[in-house]
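Biologist: Let us go through this model step by step. Please reason out loud and keep it short.

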Amino acid sequence: MGSTDRVFFGQPRGLVGLFFAEAWERFSYYGMRALLLYYMTDRILDGGLGIDPGSAKSLIAVYGSATYMAAILGGWISDRLLGDRRATLTGGVLIMCGHICLAIPAGAGALFASMIFIASGTGLLKPTISSSVGDLYARDDPRRDSGFSIYYMGISVGAVAAPLVVGTVGERYDYHLGFGLAAIGMALGLVVYVRSQRHLSPLSSAPKNPLRLGEVPRSRVVAVAAGVAVLVAVLAATIGTGALGPGGVVDLISVLAIALPVGYFTVMLRSKRTTAAERARVRGYIPMFVAAVAFWCIQEQGATVIAQYADESTDLGAFGFTIPASWFQSVGSLVLIVLTPLFALMWLRLDRSSRSPGTAHKFAAGLAIAGLSYLMLVLPAASPGQTSPLWLIGSLAVVTIGEMCLSPIGLSATTRLAPAAFATQTMGLWLSSNAAGQGIGAQLVKFYDAGSAAAYFGLLGMGAVVLALVLFALAPLIRRQSERGLSTVELTREGQR
């Protein structure tokens with residue numbers, strides 16, 4: 001795809017199909033997410049599972065963590081075995097199967113089956129569809145940040161409709177009917193994706209670093225097989241004896257969510273396939289990754305702490321009719337739709353000027369704004385009785401502004417700074433920042449209840465602001481590191497020519 005391909009708002013034609021495919025995939029995911037806490041905690045007689053709210057919040061957090069953690073493995077499968085297109089399609093089918101499990105009234109067993117399907121499917125789909133967007137642009141194409149912002153609006157279109165449609169049907173009529181609508185949404189996303197593949201970059205068709213079995217030492221194959229066998233045996237033993245209950249599963253996934261990206265950064269930095277220039281870029285990427293973890297720790301609590309706050313502490317009848325609590329999860333996505341064109345234009349103009357803020361500055365701004373969104377809730381949370389929904393709407397709108405400064409920029413930066421041999425895997429690593437954030441959140445949400453809400457919001461909000469200030473101070477150093485790496489790459493290419 002060249003810079004002359006400007007069919008879609010000045011962007012490549014392939015962005016159209018990826019935009020709408022991601023919109024339907026997010027409709028299915030956010031529709032399921034809007035209902036999940038209420039379905040898990042509602043009484044069995046009313047169609048729920050009767051799970052304790054504290055346990056339910058932690059389970060949802062590690063569910064989200066496992067979903068994004070699987071993106072590392074999904075990226076590896078795409079880079080080494082399937083290629084982005086086949087990995088995206090396979091992932092979409094698995095996600096649809098997960099929603100079908102939830103649509104069947106089969107109790108906790110269906111819930112856990114859906115978790116396996118959706119986590120593995122999202123692990124395949126999310127890094128590969130985002131990598132396909134990056135493949136539409138040359139590395140130095142100034143439209144890249146703008147294009148990712150438009151693509152990000154596709155996520156928002158699906159996410160804003162899902163709680164209004166799926167949430168309303170699930171809360172007012174039947175949970176399983178709502179989950180069934182999520183399955184239909186994913187099926188539509190698959191249809192759109194299949195029809196749009198001819199407009200994608202050829203780079204997305206094949207593995208970027210194909211695995212050749214003859215090059216893999218037999219000792220490594222044996223070691224990996226033995227390790228997997230031991231892990232399976234240990235898990236089977238602990239689950240079978242009851243030693244690993246729901247709390248143990250939560251703790252285990254939280255630890256893995258942090259350990260996996262640490263291990264993967266180590267692998268990339270030590271790999272012989274990573275050049276010195278690429279290693280410099282990865283080092284500059286790490287502080288921004290840490291900021292992203294902190295950001296997602298706050299933002300992803302929309303399905304747990306914020307959902308509980310909306311249901312228990314917010315006056316849902318303040319506007320003259322009873323608002324379904326799930327509707328609040330549409331606020332952020334609606335704000336994204338409104339602001340995305342403005343942010344896309346702003347980044348495009350700034351990135352073409354000498355006043356362009358560095359990527360680290362954008363990350364720092366996004367994290368600081370996320371912290372402010374929680375600080376906004378301290379006053380209403382400390383007030384007696386139920387509070388106006390405007391406080392919650394305002395907080396969700398503010399954290400979304402922070403998301404616009406960080407998330408699409410993170411997608412763009414990841415595709416630009418990724419080592420060539422780890423291209424799609426690095427996109428999986430970026431998504432694992434969400435996994436790590438939710439893994440940490442799974443431990444933090446245990447401390448939330450209506451009585452401690454003000455302290456909870458205040459401490460997390462201040463922590464995010466302080467970390468943002470640290471990143472802002474490091475931004476010049478990070479920028480020099482990244483630019484030095486990119487300059488070295490260009491010099492190497494010139495020498496090869």
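Modeller: One term comes up at once. A crossing counts as left-handed when the near helix is turned anticlockwise from the far one by less than a right angle, and as right-handed when the turn is clockwise. Keep in mind that this is a predicted model.

Biologist: Is the crossing of helix 3 and helix 4 left-handed or right-handed?

Modeller: Start with the axes: those of helix 3 and helix 4 come within 7 Å. They cross at roughly 150 degrees, so helix 3 is roughly antiparallel to helix 4. The handedness of the crossing of helix 3 and helix 4 is left-handed.

Biologist: How many nonpolar residues are in the contact of helix 3 with helix 4?

Modeller: Split the contact of helix 3 with helix 4 by class. There are 2 charged and 13 polar residues. The nonpolar count is 14.

Biologist: Is helix 1 roughly parallel or roughly antiparallel to helix 4?

Modeller: Helix 1 spans residues 14-41 and helix 4 spans residues 107-135. Their axes are 12 Å apart, at an angle of about 155 degrees. An angle over 145 degrees decides the label, and therefore helix 1 is to helix 4 roughly antiparallel.

Biologist: How many charged residues are in the contact of helix 1 with helix 4?

Modeller: The crossing of helix 1 and helix 4 is left-handed. Helix 1 brings residues including Glu22, Glu25 and Arg26, and helix 4 brings Lys126 among others. By class, the contact has 12 nonpolar and 3 polar residues, and the charged residues number 4.

Biologist: Which residues of helix 3 make the contact with helix 1?

Modeller: Helix 3 covers residues 84-103 and packs on helix 1 at about 30 degrees, with the axes 11 Å apart. This crossing is left-handed. Helix 1 contributes Glu25, Ser28, Tyr29 and Met32, and the helix 3 side is Ile95, His99 and Leu102.

Biologist: How many polar residues are in the contact of helix 1 with helix 3?

Modeller: Take the classes in turn. Nonpolar residues number 4 and charged residues 1. That leaves the polar class, with 2.

Biologist: Now the empty space. How much space lies in the largest cavity?

Modeller: The structure holds 5 cavities of 30 Å³ or more. The second largest has about 90 Å³. The largest has about 500 Å³.

Biologist: Which helix supplies the largest share of the lining of the largest cavity?

Modeller: The lining has 36 residues, and Tyr30, Trp296, Gln299, Glu300 and Glu403 lie nearest the centre of the cavity. By class, it divides into 19 nonpolar, 12 polar and 5 charged residues. The largest share is 7 residues, and it comes from residues 389-417, helix 14.

Biologist: Which helix supplies the largest share of the lining of the second largest cavity?

Modeller: This lining has 13 residues, with Tyr29, Arg33, Ile60, Tyr63 and Gly64 nearest the centre of the cavity. Helix 1 and helix 2 (53-82) each supply at least two of the lining residues. The largest share is 5 residues, from helix 2.

Biologist: How many charged residues are in the lining of the second largest cavity?

Modeller: Arg33, which counts as charged, is one of the residues nearest the centre of this cavity. The lining has 7 nonpolar and 4 polar residues. The charged ones number 2.

How values were computed. Residues numbered from 1 in each chain as written. Predicted model: local features only at pLDDT ≥ 70, side-chain atom pairs only at ≥ 80, totals over all residues. Heavy atoms only, no water. Axes fitted to C-alpha atoms, helices over the stretch in contact; angles between N-to-C directions. Helix = DSSP H or I, 4+ residues; strand = E, 2+ residues; numbered from the N terminus. Parallel < 35°, antiparallel > 145°, perpendicular 65-115°, else oblique. Contact = heavy atoms within 4.5 Å. 1 Å grid on protein atoms, 1.4 Å probe; cavity = no way out; pocket = protein on both sides within 12 Å on 5 of 7 lines; lining within 4 Å. Points joined across faces, edges and corners; volume = space filled by probe spheres on them.
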